[in-house]
Amino acid sequence: MNANAIITELETKRAEGWTLPRLKELAVSLLHESNPRFHWTGIYELFPDNTLRLGPFLGAPTDHVFIGMGQGVCGTAVAERRNINVPDVTQVENYLACSTETRSELVVLIRSGERIHGQIDIDSHEPAAFDETAEREVQKVAEFLAPLYEAWTKGRGA
Ligand code: SME
């Protein structure tokens, strides 16, 4: 399933009344199944204390449930306000290993303009697993989720 098909599926569920908590789980699951190189797929959410907290994920359990700004690839993406595609995680000095099998990692921010809601984080056991197409596909899903996060956090007064 490509990103457009994933988004169509998510739109269908949203039209049926699903809200963010279920939609983000479904997004993770559809993304995870969309590419055999995606061995760990999850969402980290940025909380007002500037800490990333692990949301829905598929793959091996990780110790990194909370990640501070600037820590690891995930925290660096937030600190530098950019997506990060790491072809070889052994070259990253402050890398936080989720699994010893991970060779490459992709972090795509979920953002509404300047406001960062979180990120989609994907690990692969294969080196340089994320080409431009993969990155673009993940970006599309992040762009679908961003307005839902925006509405959700506003609705909760956060
Ligand atoms: N590798 C990430 C931590 C998250 S786990 O991969 C799931 C990092 O360096 O921030």
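**Close-ups of the ligand site and its neighbouring strands**

**View 1. The β1–β2 hairpin in this predicted model.** β1 and strand β2 (residues 51–58) pair up in the antiparallel sense, with 5 bridges between them. Look for Thr 41, which stands opposite Leu 58 in β2. At the turn, 4 residues sit between the two strands of the hairpin, and Asn 50 takes a positive phi near 65 degrees.

**View 2. From β2 across to β3.** Here β2 meets strand β3 (residues 66–68), again running antiparallel, and 3 bridges join the two. The pair to pick out is Leu 52 and, opposite Leu 52, Ile 67 in β3. Ile 67 is also one of the residues around the ligand.

**View 3. Polar contacts of the ligand.** Start with Leu 96: a polar atom of the Leu 96 backbone is 2.7 Å from a nitrogen atom of the ligand. Glu 105 uses its side chain instead, with a polar atom 2.8 Å from a ligand nitrogen. Over at Asp 123, an N or O atom of the side chain is 2.9 Å from an oxygen atom of the ligand. How much of the ligand's accessible area does the protein cover? The protein covers 100% of the 310 Å² that the ligand has on its own.

**View 4. The ligand's cavity and the elements around it.** The ligand takes up the space of the largest cavity. Three elements give two or more residues each to the shell: β1 (40–46), α3 (72–79) and β6 (115–124). Which of the elements gives the largest share? That would be α3, with 3 residues.

**View 5. Who's who in the shell.** Among the residues around the ligand are Trp 40, Tyr 44, Val 73, Cys 74, Tyr 95 and Cys 98. Gly 72 and Asp 121 belong to the group as well. By type, the shell divides into 8 nonpolar residues, 1 polar and 3 charged.

Terms used:
Residues numbered from 1 in each chain as written. Predicted model: local features only at pLDDT ≥ 70, side-chain atom pairs only at ≥ 80, totals over all residues. Heavy atoms only, no water. Near = heavy atom within 4 Å. Polar contact = N/O pair within 3.5 Å; in protein donor to acceptor, adjacent residues only side chain to side chain. Areas by Shrake-Rupley, 256 points an atom, 1.4 Å probe, with all protein chains shown as cover. 1 Å grid on protein atoms, 1.4 Å probe; cavity = no way out; pocket = protein on both sides within 12 Å on 5 of 7 lines; lining within 4 Å. Sits in = over half its atoms within 2 Å of the grid points. Nonpolar A, V, L, I, M, F, W, Y, C, P; charged D, E, K, R; others polar. Pairing = 2+ DSSP bridges.
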